[in-house]
Amino acid sequence: MSGPYENIERHTQFVGQDKPRRNAVRHAHGRGKFVDDIAFANLAHIAFFRSPYAHAEILNIDVSEAKSLPGVVDVFTASDITDICTPWVGKLDHFPGLRSPEQLPLANGRARWNGEAVVAVVAETRAIAEDALELIDVDWQELPAVVGIDNSRSKDGPLVHPEYDSNEAFVMELTAGDSADAFANADIIVEDTLELGRQTGLTLEPRSIVADFDPSMQKLTAYHSTQTPYQMQDIFTRHFNLSEENVRVISPDVGGSFGMKLHVYGEEMAAVAASIRIGRPVKFIADRMESFLSDIHLREHKVHARMALTKEGDILAMQVDDATGIGPFSVYPRTSAMEGNQALRLMGAPYKMPHYDGKLTVLFQNKAPTCQYRAVGHPIGVMTTEHLVDLAAKKLDMDPFEIRRRNVTTQDMYPLKTAGGYILERLSHEECLDKLEKLMDYSALRTEQAELRERGIYRGIGIGVFIEITNPGPAFYGVGGARISSQDGCFMKLEPSGKIRIAVSVTEQGQGTETVMAQVAATYLGVDIDHVDVITGDTERTPYGGATWASRGAGIGGSTVMVAALALKENLLEIAAVILQGDASKFDIVDGEVIDIATKRAVISLPELGRIAYFRPDTLPADYHPQLSVTRHYVPQGTPFDFTNGVQASYLEVDTETGIVKLLDHWVVEDCGIILNRQLVDEQIRGGVVHGLGGVLFEECLYSPEGQLMSATMADYLAPLANEMPDIHIAHCETPTNMTPLGAKGVGEAGTAAAGAVVLNAVNDALHPLNATLRTTPLTPERILTALGKI
Amino acid sequence: MDPRCALSFKLNGRQVEQDVSPRTSLADMLRNQMGLTATHIGCEQGSCGACNVMVDGKTVRSCLIFAIQLEGAEVETSQGFDDDPLMEALRDNFAKRNALQCGFCTGGMLLAARDLINMTPRPDRNEIREHISGNFCRCTGYEAIVDAIWKTAHEMPSLEGKK
């Protein structure tokens, strides 16, 4: 596919790959600075009275006793702040028909999930604020709760929003070709219903904000653990009726985010409202139970899917009916329709599948809201597809590698449009499958598996192909009406010392963004990475941009830094030419020195150039003004997204007596385009895989039939620990994208996309001789023993 | 307002005095009264390990112990160990191997690693995985942490011949 950057001269090796991240050195020495680590004078603390019910009318709220507790500064409910905070609605124009009611920072008249914030208390200490919560008296009228997906879908069940005629928030249908005809003429059909358990984000640093409003200047400074400070600057500006230039959002170290810290939460908005009310800095740090109750949840899906194939194993069509429960509101501003939308579009996406019908139903419930999280929708699409492919392989007695090789899209087909509507520039499925088969020594594993089965040991091998959505382009949130930028900006200057300082709008939450941006700048300028300092996460000190989400940091942020570096380099070469009375086109910069290309000899160092340009411009020609800093912005071009691809495999053992799964090995072969930093790419993949493994084996937000969250501690919500996780072997293919100058595609979602799918496939492979099939995640011992008929 | 109690203990090698409310946890005192913010609070329920400190040589969840229980104790936090070659080697290897991403779990993880190597100078990978399974990391998937601890343990010259 001819992209806008097809003929660009690109570096494929980046300087500084062998250096540790400077952030890592800092954190290893205990020098991190998270929101809760910053000291403030005159700080107040906010805590929330939360709904004990999943669904209840608020008849009366009595805060008189709470208000009179010594140390309490302010107490307010939703109706007390309607004059300073306007409501919001989680809708986007590109999901026509999506509906969701207005929301305020606190429940207004009715509580719609267990844990929804109802009353805010501001006090001199968090402990006093929590003491005051116990003095609040609310009269409730409990209402029937909508909890499960079937419960929400039921025509005669209770409604989450009485003003709507049903619990449907959004319905979408996709059609490609003629799936009905394909199914009518298929040799074989496989079908199943998968249920994916609701998860949550569980960042180790909980949601955190200190809102500091200065009434004398009408200026708000928010120290906020968010991925997306510019989006939050816009939100605070509009909903609190402030001037944008008077709103500063600073994101210091962010202790994990994974998409969870992209969204607008009532508690953070209430903290801003509190600071405006009292004119003091107000801190909200979620405690762990509050995190479980009020962070976004994700991926509660029930998917009925069918696949039609020829007897040779060619996939003809899929028909998918995906229902997802999103809680009572579509989350603002990115909506809760995105996850299902991407899941539906990713069904069958790696394969030559001409016919497809998909239906998505997004349902309201009385549970915590769900929204975008790492690998948005991918695990659902990949797990559904790969489960059906394995069912078909078993039915046809084909090897899982063989059926996948037969069906993946091939080099002669690109660019192509998938049945779900995605445009793929170029992928490398065949090469990835070949590499994986060798990497895992597949035939030896099959031999071992067969031998152990003779001895009553049940091991399984699972394989899964995936594509990953990255680098969202301009036709995304902005088109839907959300003020979320798709472009990024970079300011870059030469310090007088010859060092480079850059300020860039992509942000760091541990991925290594700052290191990668320094690498790109160092590589394209021709300087040592240790001579580049990077500023991120402050709306007042960096150009405006989209920040870091959807694996856009490397591809879009990196391209922004690249074009800025090329522009600054051109300026520096021009200055060198003026100083030396030479020709700029004959010079280059290597290792921090301007060299003569012909002789390869240094002609002037950057420190010397900086000294002359900043302090002795009198020695330069009259009316010459050295341009020592540049700002460049970069808008992603070409297709609406980039796509990476890869394949994963799992080898595991199922104890058929206890139902416990032991992960033995895990492999990933991935193609993220040009690799900027191999170690950081591999660690993104490993971290992502473990998120997928947690979801498929352990993690589930369990609600009682009344809608009470029953897994609200880290002892009840089981996330992966070191002794449960395998080593993860990684190999790469490199197919650059011509849609960005840098050629990097992004890698943040890849690990999570398919890790769960390959574990499900491996468990079902292990249990195949026992005629047991798992189809509900997480794959708990109880579910496995039930499938085996043992309990 | 809460009553206050006088407290005297040794913190990272120095004798210190504090006035503390009886309901204040050690983690809150370290962070809020003493400015030692590298002891992170991830759960306040004893699950996550981010707030680990050493009390009289034993690993303790500082969120689960009241500060007033520390009278006369010796407390070491992840911000101590400045002259400790093992801790310095661990910090160096964690950074080099990218055994941390967001950095929130790192202080507790380093203490767990140091504790392990002091007890088992040449641990194998499984022993490392078992020992750090009281500490959650949500970013790395643990493998890089295991690598960094293994490398430190197996390359520390001062540990030669201990096992």
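**Notebook: two sheets and two helices**

I began with strand 8 (residues 188-196) of chain A, which I found running parallel to strand 31 of chain A and joined to that strand by two bridges. I keep in mind throughout that this is a predicted model. Looking along strand 31 of chain A for the residue opposite L196(A), I came to T777(A).

I then placed this pair in its sheet, which is open, has six strands with mixed pairing, and follows the order 7-17-16-15-8-31 in chain A. At the edges I noted strand 7 (168-176) and strand 31 (776-777) of chain A, each of which pairs on one side only. Next I looked up what packs on this sheet, and recorded helix 9 (residues 338-346) of chain A, which touches strand 7, strand 15 (301-309), strand 16 (315-325) and strand 17 (355-363) of chain A. The direction of helix 9 makes about 120 or about 165 degrees with that of strand 17 of chain A, which was my open point until I checked; the value is about 165 degrees.

My second sheet is also in chain A, an open one of three strands in the order 24-25-26, with antiparallel pairing. Strand 24 (587-590) and strand 26 (601-605) of chain A are its edges, and because each has a single partner strand, one side of each is left without a neighbour in the sheet. I noted that neighbouring strands here are turned by 40 degrees against each other on average, with direction ignored. Between strand 25 (residues 593-596) and strand 26 of chain A I found four bridges in the antiparallel sense, and I wrote down R601(A), in strand 26, as the bridge partner of D596(A). Helix 15 (residues 553-580) of chain A packs on this sheet, where it touches strand 24, strand 25 and strand 26, and its direction makes about 120 degrees with that of strand 24 of chain A.

I turned to helix 14 (residues 513-525) of chain A, whose 13 residues should span 18 Å at 1.5 Å a residue, and its end C-alpha atoms are indeed 18 Å apart. Since 13 of its 13 residues are buried, helix 14 of chain A is largely enclosed by the rest of the structure. Just after this helix, I noted a positive phi of about 90 degrees at G526(A).

Last, I checked helix 5 (residues 143-155) of chain B, where the expected 18 Å for 13 residues agrees with the 18 Å between the end C-alpha atoms. Its buried residues include E143(B), I145(B), D147(B) and T152(B). I asked what the buried residues of this helix pack against, and found helix 17 (678-697) and strand 30 (728-732) of chain A, together with helix 2 (85-96), helix 3 (106-119) and helix 4 (125-131) of chain B.

Definitions and conventions:
Residues numbered from 1 in each chain as written. Chains lettered and ligands numbered in written order. Predicted model: local features only at pLDDT ≥ 70, side-chain atom pairs only at ≥ 80, totals over all residues. Heavy atoms only, no water. Expected span 1.5 Å × (residues − 1). Buried < 20%, exposed > 50% of the residue type's maximum accessible area, 1.4 Å probe, protein only. Contact = heavy atoms within 4.5 Å. Pairing = 2+ DSSP bridges. Axes fitted to C-alpha atoms, helices over the stretch in contact; angles between N-to-C directions.
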